[in-house]
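Me: I am new to this structure. Please show it to me, and then let us go through it in questions and answers.

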Amino acid sequence: MAAPAALTPLRRDAIGHWAASLTAESDAGTAAIPSLEPLHVFALRHLPGGAQAIAQALRPLGIDTLPAAGRHASSAAGAAGPCVLWRSPSEWTLVSTDPHPVQLVEQALQASALEGQACAVNLSDGIMGLDLQGPKVNALLIRLLDAASLPREAGQAKRVRLVDVPVTLVRFGDHHLWLLADRRHDHYIAGWLAPARAAVRLPT
């Protein structure tokens, strides 16, 4: 029996290359799949009583309320700005393609009067992101996950299973989502997205 092939994680720039290869600008009806690069991801965690420190640190970004379970909160810039996702009762995830907002939050938590009650943990190296857009984005995703689990309303953020691996889907509009996943699954996700995208190019 042949030994299984050893797969090493794709480099961050390589993720961009395969994502670009899945994007056909001439095919206007197909969901585009550019990568979110650069991508900055921080876990915002707190001890009992520390949620106020996180809320205060996010206000300068234009995010006035910590999102509830299954939701995300964004600045007025929408997907162009930082986004905060509910993760657990004591944790939220801050995602941004610009390093400045996450630096502001990190500094604010360090300077907070509640210092020690909340912290920011950099997860950027372990997370990959894809920017899913187009009128067929739902058709693309329901080939790979349970249709009932797909977030369909703007403001929703759900952790779902894409085939066999967990991913987070962040809905910004009818034809716009972010897909966030552990980078160790990059080959697997690429392998499933490529044929699914080819399939949704077919007339329905």
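Reply: Contact here means heavy atoms within 4.5 Å. With that cut-off, and leaving aside neighbours within four places in sequence, Leu150 is in contact with residues including Asn138, Leu141, Lys158 and Leu177. Keep in mind that this is a predicted model.

Me: Is Leu150 buried or exposed?
Reply: Leu150 lies in the loop between helix H4 (137-141) and S7. Its contacts also include Ile142, Leu145, Leu169 and Arg171. Buried means under 20% relative accessible area. Leu150 has 4%, so it is buried.

Me: What separates the C-alpha atoms of Leu150 and Arg161?
Reply: Leu150 and Arg161 are 11 residues apart along the chain. In space, their C-alpha atoms are separated by 9.8 Å.

Me: How many helices and strands does the protein have?
Reply: From the N terminus on, the elements run α-β-α-β-β-β-α-β-β-α-β-β-β-α. The totals are 5 helices and 9 strands.

Me: What share of the residues count as buried?
Reply: The protein has 204 residues. It exposes about 10,200 Å², and carbon and sulfur atoms supply 55% of that area. The share of residues that count as buried is 47%.

Me: Among contacts between residues at least 6 apart in sequence, what share join residues at least 24 apart?
Reply: Leave out the contacts between residues fewer than 6 apart in sequence. Of the rest, the share that join residues at least 24 apart is 64%.

Me: Which residues of helix H2 are buried, and what covers them?
Reply: Helix H2 spans residues 51-58. Its buried residues are Ala53, Ile54, Ala55, Ala57 and Leu58. Their cover includes S1, S3, S4, helix H3 (99-111) and strand S5 (118-122).

Me: How much space lies in the largest pocket?
Reply: The pocket is lined by 18 residues. Arg87, Thr93, Ile127, Arg159 and Thr168 are the closest to its centre. Strands that give two or more residues to the lining include S1 (40-46), S7 (157-162) and S9 (176-182). The space in this pocket is about 420 Å³.

Me: How many residues of that lining are charged?
Reply: The lining of the largest pocket divides into three kinds of residue. The nonpolar ones number 9 and the polar ones 3. The charged ones number 6.

Me: Which aromatic pair is edge-to-face?
Reply: The whole structure holds 2 aromatic pairs. Planes over 60 degrees apart count as edge-to-face. One pair has 70° between its planes and 4.9 Å centre to centre. That pair is Phe172 and Trp178.

Me: Are Phe172 and Trp178 buried or exposed?
Reply: The cut-off for buried is under 20% relative accessible area. Phe172 has 17%. Trp178 has 2%. Therefore both count as buried.

Me: What are the distance and angle of the tilted pair?
Reply: This pair is Tyr188 and Trp192. Both lie in helix H5 (residues 186-200), 4 residues apart, about one turn of the helix. Tyr188 is partly exposed at 30%, and Trp192 is partly exposed at 38%. Their rings are 6.3 Å apart centre to centre, with 50° between the planes.

Me: What is the C-alpha to C-alpha distance between Ser75 and Gly62?
Reply: Ser75 sits in the loop between strand S2 (72-74) and S3. At 12% relative accessibility, Ser75 is buried. Beyond four places in sequence, Ser75 touches Leu61, Gly62, Ile63, Gly81 and Pro82. Ser75 and Gly62 are 13 residues apart in sequence, and their C-alpha distance is 4.8 Å.

Technical notes
Residues numbered from 1 in each chain as written. Predicted model: local features only at pLDDT ≥ 70, side-chain atom pairs only at ≥ 80, totals over all residues. Heavy atoms only, no water. 1 Å grid on protein atoms, 1.4 Å probe; cavity = no way out; pocket = protein on both sides within 12 Å on 5 of 7 lines; lining within 4 Å. Points joined across faces, edges and corners; volume = space filled by probe spheres on them. Nonpolar A, V, L, I, M, F, W, Y, C, P; charged D, E, K, R; others polar. Phe/Tyr/Trp six-rings, centres within 6.5 Å; stacked < 30°, edge-to-face > 60°. Buried < 20%, exposed > 50% of the residue type's maximum accessible area, 1.4 Å probe, protein only. Areas by Shrake-Rupley, 256 points an atom, 1.4 Å probe, with all protein chains shown as cover.
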